[in-house]
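Morning, everyone. Let me put a structure on the screen, and then I'll walk through two parts of it.

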Amino acid sequence: MLFARFLDKIIRRGTLEVIDATGRKHIFTGTEWPRCAVRLHDRALHRSLILHPQLGLGEAYMDGRLTIEEGTIHDFLDLCGRNFAVFGEHPIQRFKNRLSTALRGIQQINPVGIAQRNVAHHYDLSGKLYDLFLDEDRQYSCAYFANGNESLEVAQENKKRHLAAKLLLEPGQKVLDIGSGWGGLGLYLARATGADVTGVTLSTEQHKVSQERALKAGLSDRVRFRLQDYRLVPGAFDRIVSVGMFEHVGVRHYGEFFAKVEELLTEDGICVLHSIGHMERPCATNPWLRKYIFPGGHTPAMSEMLAAVEKSGLTITDVEILRLHYAETLKEWYRRFTANRDQVKELYDERFCRMWEFYLASSEASFRHMGHMVVQMQLAKRQDAAPLSRDYITDWERDHTGLFESAG
């Protein structure tokens, strides 16, 4: 079988047993561990998983045409991730990757209007879904495991504190939070520093919840949230922060993003950008992820980000790479999601559960084995906007540890 010969060239780490659609068993062994087994229920998969493996694999699992016989979908995708480098060197995949990379600009057109539709696809799902796997503050981005053994709740509080330290905020300063989510970071910054915060989001659900949270916290006079595209925001801000939003900008709009940041930032202002990134050369977004989870999204290579910053007039004053922090975050999200799977199924259906299991598990594999990471980039107009050494970050975090608990 052609598919068997294809896998025989790829599996170098772990042992994969595949029962094809005819019932024939194939075992591919690189190393003994990890081990898992899958069954194909559709003869068409024998060919489609060669020609369109990333899209076809996810769709087959969602539809039940591929099932896990030994282990879990998490185990299977972890094994796939461990062999991804070999997979990427296969001639068919090299050709498809070059073609898809060349077309990635077309895949990520996100002008005003279309951007909101793309955001709604994911972020306007039921709030009950997110409550079933996120922390209480609904931080839907990479947590910061300072010691490596914290709970998700503590690690997400660490993340907010780490970002606040890099912003060098003072009471009364005006902050813009681009992609403000459910409002947790904006509320944290206002409470911890006395800053005046404006958050913008394109999600109607997130906007509604964040406004309610600001009112409940008694911070409506200092924290406001708008349902607005960042490109339409007027005024000037002492500080700008953006967490988990840049991945939705699209490579064709990077120049537009940094130009707007430069326009909105005061002369002595500071911006902190927190984004998923890719350690290697630019590549296209996984087609399954683009179709089912994040339409219009793109994981940028550092070279793509830096090239856009260089043209903006902004200065990079600090860069920090968070390597496995998101892998650990996703591991906990996946654990909580599967523990509450029955409740998710009541909200949606079995296919949705499979889709999200695949999303969370494959994303973790990307950060563990496939060159994904998170970058925190500090930007300014002036080189002297931030201190010369990074000691101020640690000092601020130490002084504000345990200051207060997250508001629900």
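I'll take the sheet and then a helix pair. Keep in mind that this is a predicted model.

Start with the sheet. Seven strands make it up, and the sheet is open. Read across, the order is 7-6-5-8-9-11-10, with mixed pairing. Which strands stand at the edges? Strand 7, residues 223–227, and strand 10, residues 315–322. Each has a single partner strand, so one side of each has no neighbour in the sheet. On average, neighbouring strands are turned by 15° against each other, direction ignored.

Now zoom in on one pair. Strand 5 covers residues 174–178, and strand 6 covers residues 196–201. The two run parallel, joined by five bridges. Within that pair, Lys174 sits opposite Asp196 of strand 6.

What packs on this sheet? Helix 13, residues 254–264. Helix 13 touches strand 5, strand 8, strand 9 and strand 11. Its direction makes about 155° with that of strand 9.

Next, the helix pair. Helix 10 spans residues 152–167, and helix 16 spans residues 325–339. Their axes come within 11 Å and cross at roughly 140°. That angle makes helix 10 oblique to helix 16. The crossing is left-handed.

Who meets whom? From helix 10, we have Leu152, Glu153 and Gln156. From helix 16, we have Thr329, Glu332, Trp333 and Arg336. By class, this contact of helix 10 with helix 16 has two nonpolar, two polar and three charged residues.

That's my tour. Over to you.

Terms used. Residues are numbered from 1 along each chain as its sequence is written. This is a predicted model: local features need pLDDT of at least 70, side-chain atom pairs count only at pLDDT 80 or more; totals for chains, interfaces and linings use all residues. Side-chain values use heavy atoms; hydrogens and water are left out. Axes are lines fitted to C-alpha atoms, for helices over the stretch in contact, and angles run from 0 to 180 degrees between N-to-C directions. Helices (H or I, at least four residues) and strands (E, at least two) are DSSP runs, numbered from the N terminus. Angles under 35 degrees count as roughly parallel, over 145 as roughly antiparallel, 65 to 115 as roughly perpendicular and the rest as oblique. A crossing is left-handed if the near helix is turned anticlockwise from the far one by less than a right angle, and right-handed if clockwise. Contact means heavy atoms within 4.5 Å. Ala, Val, Leu, Ile, Met, Phe, Trp, Tyr, Cys and Pro count as nonpolar, Asp, Glu, Lys and Arg as charged, and the others, Gly among them, as polar. Two strands pair if DSSP finds at least two bridges between them.
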